[in-house]
Structures are given as C-alpha cells and as structure tokens.
Amino acid sequence: MTSQRLNTFLEKNLQELKDKGLYNEIDVLDGPNGAKISIDGHELINMSSNNYLGFANDPRLKEKANEATDIYGVGAGAVRTINGTQAIHKELEQKIAEFKGTEAAVAFQSGFNCNMGAIPAVMNKNDAILSDELNHASIIDGCRLSGAKVIRVKHQDMDDLRAKAKEAVESGQYEKIMYITDGVFSMDGDVANIPGIVEIAEEFDLITYVDDAHGSGVMGKGAGTVKHFGLQDKIDFQMGTLSKAVGVVGGYVAGTQNLIDWLKVRARPFLFSTSLTPAASAACMEAIDIMTNSTEEHDKLWENGRYLKEGLKNLGFDIGNSETPITPCILGEEKLTQTFSKRLTEEGVYAKSIVFPTVPRGTGRVRNMPTAAHTKEMLDEVLAVYEKVGKELNVIK
Ligand code: PMP
C-alpha cells in the first residue's frame, strides 16, 4: 500500500494547479526537434526550441555519435573519478577549452548539473553571492545549495551591483564574494554587460561567473558572450550548456587549470553521477568543430532573427529589446498570452506562451526562437499567422 499522506498531498496540490490553470500538459513530439515538428501527427513550424544552429538532428553529428557508440559503447559505465573517463571525454574538454579561449574545461552531464556542482564547489557559508534577479533556476538552486549569503541585484543594473559589492566588501563579513549572471537572458534576449561587470569585479575583487547557456553558439561567432567582448581572461567561470546551440546534452565550465582541477575534486555531480555518454560527447565535439571552421549556421541564425523581428515589428507587435535572435512577442495579460499561443498552434505555428511566475506579472509573452534551420518561407508563414491571430485577438490593427 502506498502512503496515504503522500496521496493526499499529491491530489490536493495537483488539483489546485489544475484549478488555477497552472498545470503544464507536456506536448510529445513524434520525431526530431527541428524547424518543423510533428505533434500527434500534426506538422507545425517550431518556434520554441533552443536548437539555435539546427544541430539537434544534423546528420554530421548523428554520424559521429554512431561511430562513438561503436567504439566506446552506449554508456561510460562509471562516474568520471572511478573509471568513467574515456578518451572521448578528455578530447571534448580540450576542445571546449580551445573554443572558449581558456586553459582548461570540465564537462558535466547537463547545464543544470553544472551550476549545481560548480557554484557550491567554490562558495560556502562564509561567502556572499551577488546574483542578477532574473538568473536561471539552476543558478538560484546552485547558490542556495552553496550555503553562501545570496544578495539579489537588480536586473542588469551596474549601479546596484556596485553599491551591493561595496556594501558586502565593507561589511567585512565575507571571505569571498561572487557575481553571477546569465550571459544572455532567455526570456528577453538581452546580453549581460560583461565590460561593466569586469570593471566592478576588478574594483572589488569579485569572482565572476557567467552562465552562457543561451550565448554559446550564438554570441562571439559561436564562442559565447565573454569572447564576444574579448574578455575571456577576465571572467573566472565561463559556464555553458551543450544542449542548446550545440544541440546535444551536457554542460561545462571553462576557466583556469587551477579552477578546473578544483572542480574535478569538489563538484559533486562530477564526482557522483555517471559521465556523459560517448555518443553525446562525440556529437558535441563535431558541433564545436563545425562552429570553429565555419560561421554559416551562426550567420543564418542571426539573419533569421533579424528577419523575424523586423516582420513582427512592422506588423505592430511589441518585441521588447532583445539583442539576440530570441524574439519575445510581449502581449501582457496572462490569459490573452495563453489564448494567443493556442491560436498560433491551431494555425500551424508552435510558439509557447511564457507567463508569471517565469516572467513578471502582466508581461506575458509568446517567445519565438528562430534557428539556422528555418527557411524564409517558414518565417513568412509564421508572420502571416501572427498577423491573422493578432488581428483576430485585437492585439494589432
Ligand atoms: N542555465 C540557463 C541560463 C539555462 O537557460 C538553462 C536551460 N534552460 C540551463 C542553465 C540548464 O541547462 P541544461 O538544459 O543543459 O541542463
């Protein structure tokens, strides 16, 4: 018999979520996650993936994944520190370091894992972490797990960062102080002010940590937001994922040899969770090779981003202040946002609504993620559907 207390808890809370319209029904794809997807047999133009460069179903990556499976097997067989480190893991880390312009790198099984491991590996209850208020959930959880004092900094507000850094230093309470931020903020598409951050970090000797999940493959000709500003020697942690532009799965930190050596003995997901699969490692390496040798996909991504933004703006939509291909269409009211997204799907365009608590109340949006795999024809179709639904719901004239 299962626990009565557990069942009561689950039933009550699930019902409450459903009553409030907050229960998320998960869509299931019939096949790969590309520029077009199929759900329950319906083909849709996909504007909701993080597959920025179209690599998730790229034949070149698939070939390398298959080859690696033949050579190394389907699983690494152990955690990295026992005997789950295969040659392919070392090669991947070497490649990441070269691509990011750092001495070394360490790979994790996911970006989320990486933040949960890397932050508590260096920060503890004697320390403080200054954290941008819009940082990703994995950063928030990693900070909490570290036991350090977490001080929220207003979004991208360098004056607030300076004031709080000064206060933390002058309090004399903390051994180390870190500033942590997303490199590209995924809900608005704005880019962290890395030069401003470096200036303040140097003034107050802050440890700097940039989570570039949405910047890797997108900014800096693919090498990320930090490299975009040419400041790879000034940022302590360049964290990234292998699951978005790289198209596979995994996470990493790139930094100095000392930092990476430390993470390999202290980051708990590295120590206690089985390594990335050989197939994933090989596919990631192929993606990095492609990005190193050509900017074709990167350039197409940006071209598509510009085209979509201009089209939506010309139709009269509020697309916010994105500096990257991420294109939010801000509609405001939560119910309207959800209805809008549903109507888009009915018309053949899959673009998810994002509402409170993921974004502040009253700033609901349908978020569009154009990729290198989209064609102009697909984007024209998306714009035509937006025009139809926008007029129907009185969002545009
Ligand atoms: N950091 C940020 C900023 C993210 O957007 C995400 C993914 N949603 C992650 C970390 C987690 O990465 P992953 O999906 O590879 O676990």
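A residue counts as near the ligand if its C-beta atom, placed from the backbone, lies within 6 Å of it. The model shown in these views is predicted.

**View 1. The shell around the ligand.** The ligand has 14 residues around it. Which of them come nearest? They are S110, G111, H136, A213 and T241. Helix 4, residues 111-122, gives the most to this shell, with three residues. By class, the shell holds 10 polar residues, two nonpolar and two charged.

**View 2. The open sheet of seven strands.** The strand order is 3-9-8-7-6-4-5, and the pairing is mixed. Strand 3 (104-108) and strand 5 (149-153) are the edge strands, and each pairs on one side only. Direction ignored, neighbouring strands of this sheet are turned by 20 degrees against each other on average.

**View 3. Strands 8 and 9 in the seven-stranded sheet.** Strand 8 covers residues 237-241, and strand 9 covers residues 251-255. Do they pair in the parallel or the antiparallel sense? The pairing is antiparallel, over four bridges. Opposite M239 stands V253 in strand 9. Helix 3 packs on the sheet here, touching strand 3, strand 8 and strand 9. The direction of helix 3 makes about 125 degrees with that of strand 3.

**View 4. Helix 5 on the seven-stranded sheet.** Helix 5, residues 137-146, also packs on the sheet. Which strands does helix 5 touch? They are strand 4 (128-132), strand 5, strand 6 (177-182) and strand 7 (207-211). The direction of helix 5 makes about 165 degrees with that of strand 4.

**View 5. Helix 3 beside helix 11.** Helix 3 spans residues 87-100, and helix 11 spans residues 278-293. Their axes come within 9 Å and cross at roughly 25 degrees. Angles under 35 degrees count as roughly parallel, and therefore helix 3 and helix 11 are roughly parallel to each other. Their crossing is left-handed. Helix 3 brings I88, H89, E91, L92, K95, I96 and F99 to the contact. Helix 11 brings P278, S281, A282, C284, M285, I288 and T292. By class, the residues of this contact are nine nonpolar, three polar and two charged.

**View 6. Helix 6 beside helix 7.** Helix 6 covers residues 158-171, and helix 7 covers residues 194-204. Their axes come within 10 Å and cross at roughly 15 degrees. That angle makes helix 6 roughly parallel to helix 7. Is the crossing left-handed or right-handed? Helix 6 passes helix 7 in a right-handed crossing. On the helix 6 side, the contact uses M158, L161, R162, A165, K166 and V169. They meet G196, I200 and F204 in helix 7. Six residues of this contact are nonpolar, one is polar and two are charged.

**View 7. The open sheet of three strands.** The order is 1-2-11, with mixed pairing. Why is one side of strand 1 and of strand 11 left without a neighbour in the sheet? Strand 1 (36-39) and strand 11 (349-350) stand at the edges, each with a single partner strand, so one side of each has no neighbour there. Strand 2, residues 42-46, pairs with strand 11 in the parallel sense over two bridges. N46 has Y350 as its bridge partner in strand 11.

Technical notes: Residues are numbered from 1 along each chain as its sequence is written. This is a predicted model: local features need pLDDT of at least 70, side-chain atom pairs count only at pLDDT 80 or more; totals for chains, interfaces and linings use all residues. Two strands pair if DSSP finds at least two bridges between them. Axes are lines fitted to C-alpha atoms, for helices over the stretch in contact, and angles run from 0 to 180 degrees between N-to-C directions. Angles under 35 degrees count as roughly parallel, over 145 as roughly antiparallel, 65 to 115 as roughly perpendicular and the rest as oblique. A crossing is left-handed if the near helix is turned anticlockwise from the far one by less than a right angle, and right-handed if clockwise. Two residues are in contact if their C-beta atoms, placed from the backbone, lie within 7 Å. Ala, Val, Leu, Ile, Met, Phe, Trp, Tyr, Cys and Pro count as nonpolar, Asp, Glu, Lys and Arg as charged, and the others, Gly among them, as polar.
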